[in-house]
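User: I should like to learn how to read aromatic pairs in a protein model. Could we proceed step by step?

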Amino acid sequence: MADAILVVFDFDKTIIDCDSDNWVVDELGLTDLFQRLLPTMPWNTLMDKMMAELHSSGRSVEEIADCLRRAPVIPRAAEAIKTAYALGCELRVVSDANVFFIETILKHHGLLECFTEINTNPSYVDEERRLRIFPHHDFITCSHGCGLCPPNMCKGKVIDRIQASGFTKGKKQFIYLGDGQGDYCPSLRLSEGDYMMPRKNYPCWNLICSNPQLLKPKVHEWSNGEELEKILLQLIRRSITANGISANQFLAVDCQYRSVPVSDRGLPWLLDIPH
Ligand SMILES: Cc1ncc(C[n+]2csc(CCOP(=O)(O)O)c2C)c(N)n1
Ligand SMILES: [Mg+2]
């Protein structure tokens, strides 16, 4: 059923309601140093330096992890992810944050096992217990050649790889959720049967609106977590029911993850599919 659907989530401002890099920098008191050094070096190099700064002033990796666990998750986003997973969708993250930040937050909210792959900037804790952060794409050796994306990561190339891999042999349908400028390039790679879900009034949405004819997928904007959940589950339901699964079967799975029993919600909104 829904195993033919691949839901790709951006992370910052799509799953959590802030930029994780800025959250850590601000919460751990490095804002001024970060702003001073930003014009002098690439973003990932600067984040790596910020982690070195924390390490040399005796702040532990555990303290960084604790800070990440306090980052605000978009309301209902966690529930939407768990429901999409329970329905059998394949879920991935494509993000310009880094693997340590993303895994720490997803694990804390019980979401990590919902995702089959996290495509992002690599990071690891070294032998001195210092957190190291590196670019996803090594732009010193060679450019990824995409003029739309930052030098360290072209999310469109990640989508290309997924589309070219064995995963799409049976033709997966993409649902892509994102907010940022970096999510525009992947939206241009999606096909007619796919869905793009940009966060309304954020850079990706602005870029899409500036020339909507350039996009092949259907576009469904969202403004908050409730809309994200509602629209995502409607799109999944639409695909599943198109493949012969009944609405009741769908609701039986969905309701395991919702605090409101379906019987108390009147006619479930999931049955109101916009056309
Ligand atoms: C030139 C330049 N300026 C800024 C950045 C960094 N950056 C841009 S958006 C973002 C949040 C991404 O997380 P997500 O993709 O999960 O929304 C980050 C960390 C960069 N790489 N290059
Ligand atoms: Mg984002």
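User: How many aromatic pairs does the structure hold?

Analyst: This is a predicted model. The structure holds three aromatic pairs.

User: How is a pair of aromatic rings described?

Analyst: Two quantities serve for this: the distance of the centres and the angle of the planes. In the case of Phe9 and Phe115, the ring centres are 5.9 Å apart and the planes stand at 80°. Planes over 60 degrees apart count as edge-to-face, so the pair of Phe9 and Phe115 is edge-to-face.

User: Which parts of the chain does the pair of Phe9 and Phe115 tie together?

Analyst: Phe9 belongs to strand S1 (residues 5–9), while Phe115 belongs to strand S3 (residues 115–121). The pair therefore ties together parts that are 106 residues apart in sequence.

User: Is Phe9 buried or exposed, and is Phe115 buried or exposed?

Analyst: The cut-off for buried is under 20% relative accessible area. Phe9, at 1% relative accessibility, counts as buried, and Phe115, at 9%, counts as buried too.

User: How are the rings of Phe34 and Trp43 arranged?

Analyst: Their centres lie 5.3 Å apart with the planes at 75°, so the pair of Phe34 and Trp43 is edge-to-face. Phe34 has 3% relative accessibility and counts as buried, whereas Trp43 is partly exposed, at a relative accessible area of 33%.

User: Which residues of helix H5 are buried?

Analyst: In helix H5 (residues 77–86), the buried residues are Ala77, Ala78, Ala80, Ile81, Thr83 and Ala84. Just after H5, Gly88 adopts a positive phi of about 100°.

How values were computed
Residues are numbered from 1 along each chain as its sequence is written. Chains are lettered from A and ligands numbered from 1 in the order in which they are written. This is a predicted model: local features need pLDDT of at least 70, side-chain atom pairs count only at pLDDT 80 or more; totals for chains, interfaces and linings use all residues. Side-chain values use heavy atoms; hydrogens and water are left out. Rings of Phe, Tyr and Trp (its six-membered ring) pair if their centres lie within 6.5 Å; planes under 30 degrees apart count as stacked, over 60 as edge-to-face and the rest as tilted. Helices (H or I, at least four residues) and strands (E, at least two) are DSSP runs, numbered from the N terminus. Buried means under 20% relative accessible area, exposed over 50%, partly exposed in between (1.4 Å probe, protein chains only).
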